[in-house]
Amino acid sequence: MTGNGPDLMPVAHASAEFDAVETFRVAEHTLPIGVVSATLRTGASADPPEREGVAYLTSQMMTRGAGPYSHNALADALDALGSSLSVGVGRDTLTLGGDALTRHQAAFTDLAQKVLLEPTFPTDELEKLKRQ
């Protein structure tokens, strides 16, 4: 789509352990904001029998530590960029989504990749999440 509305551009489609990862970037030319969405073809339907909630717990833990970032350091880095990032799970998909000012898009994409590909699943954050 072109013109006054947003352009939806597939920017990557790569094989992964979960069959495929589809990533899209939306370019809205009237605003200085880029939106990123990555979807993995796995979700709650892949939870082991009698262990319902594993996919949900995984999705929540992904933003609690990634690469060299602790939960707080990741939140601070996103805040410094004026960005938001979340991970959610559905029946058959796990989706990472977020937005950033276009001038910070490269740094934001780096953080998003770390969350998606390098989650650390810190034990202390898992315990906090279990208590919630």
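Glu 127 is partly exposed in this predicted model, at 35% relative accessibility. A salt bridge links Glu 127 to Lys 130, with 4.0 Å between the closest N and O atoms. Both residues belong to helix α4 and sit three residues apart, about one turn of the helix. An α-helix has 3.6 residues a turn, so residues three or four places apart point the same way. Lys 130 is exposed, with a relative accessible area of 54%.

Helix α4 holds another such pair. Lys 128 and Glu 125 form a salt bridge, and their closest N and O atoms are 3.2 Å apart. Lys 128 and Glu 125 are three residues apart in α4, which means that about one helical turn separates them. Lys 128 is partly exposed, with a relative accessible area of 38%. Glu 125 has a relative accessibility of 6%. That value is under the 20% cut-off, so Glu 125 counts as buried.

Glu 125 also has a partner outside the helix. The side chains of Arg 64 and Glu 125 meet in a salt bridge, at 3.4 Å from N to O. Arg 64 lies in the loop between α1 and β4, whereas Glu 125 is in α4, so the pair ties together parts that are 61 residues apart in sequence. Arg 64 and Glu 125 are both buried. Together with Lys 128, these two residues are linked in a network of salt bridges. A search of the whole structure finds four salt bridges.

Helix α4 also helps to cover helix α1. The buried residues of α1 are Ala 55, Ser 59 and Met 61. Viewed down the axis of α1, these residues fall within an arc of 165°, so they line one face of the helix. Their cover includes α4 (123-131) and the strands β4 (65-66), β6 (84-89) and β7 (94-101).

Gln 60 is also part of helix α1, which spans residues 54-61. Gln 60 has a relative accessibility of 22% and counts as partly exposed. Beyond its neighbours within four places in sequence, Gln 60 is in contact with Val 87 and Leu 129. Gln 60 and Leu 129 are 69 residues apart in sequence, yet their C-alpha atoms are 8.2 Å apart in space.

Val 87 is also touched by Val 115. Val 115 lies in helix α3, residues 105-117. Its relative accessible area is 0%. Val 115 is therefore buried. Residues up to four places away in sequence aside, Val 115 touches Met 62, Thr 63, Ala 66, Leu 74, Leu 85, Val 87 and Leu 96. Ser 59 of α1 is 56 residues from Val 115 along the chain, and the two C-alpha atoms are separated by 10.0 Å.

Leu 96 leads to strand β7. In a regular strand the side chains alternate between the two faces of the sheet. Strand β7 shows this alternation. Leu 94, Leu 96, Gly 98 and Ala 100 point to one face and are buried. Thr 95, Gly 97, Asp 99 and Leu 101 point to the other face and are not buried.

Strand β7 pairs with β3 and with β6. The pairing of β3 and β7 is antiparallel and runs over eight bridges. Within it, Gly 97 of β7 is the bridge partner of Ser 37. The pairing of β6 and β7 is also antiparallel, over six bridges. Here Thr 95 of β7 is the bridge partner of Gly 88. A hairpin of four residues joins β6 to β7.

On the surface, Leu 31, Ile 33 and Val 35 form a nonpolar patch. Together they have about 230 Å² of accessible area. Leu 31 is found in the loop between β2 (21-27) and β3 (33-40). Leu 31 is partly exposed, with a relative accessible area of 48%.

The protein chain as a whole has four helices and seven strands. Along the sequence they follow the pattern β-β-β-α-β-β-α-β-β-α-α. The chain has 132 residues, and 31% of them count as buried. Among contacts with a separation of 6 or more, 56% involve residues 24 or more positions apart. The chain exposes about 8000 Å², and carbon and sulfur atoms supply 55% of that area.

Methods: Residues are numbered from 1 along each chain as its sequence is written. This is a predicted model: local features need pLDDT of at least 70, side-chain atom pairs count only at pLDDT 80 or more; totals for chains, interfaces and linings use all residues. Side-chain values use heavy atoms; hydrogens and water are left out. Helices (H or I, at least four residues) and strands (E, at least two) are DSSP runs, numbered from the N terminus. Buried means under 20% relative accessible area, exposed over 50%, partly exposed in between (1.4 Å probe, protein chains only). Contact means heavy atoms within 4.5 Å. The arc is that of the directions from the helix axis to the C-beta atoms. Patches are made of residues with over 30% relative accessible area and no salt bridge: like charges are joined within 9 Å, nonpolar side chains (Val, Leu, Ile, Met, Phe, Trp, Tyr) within 5 Å. Accessible areas come from the Shrake-Rupley method with a 1.4 Å probe; for residues, only the protein chains shown count as cover. Two strands pair if DSSP finds at least two bridges between them.
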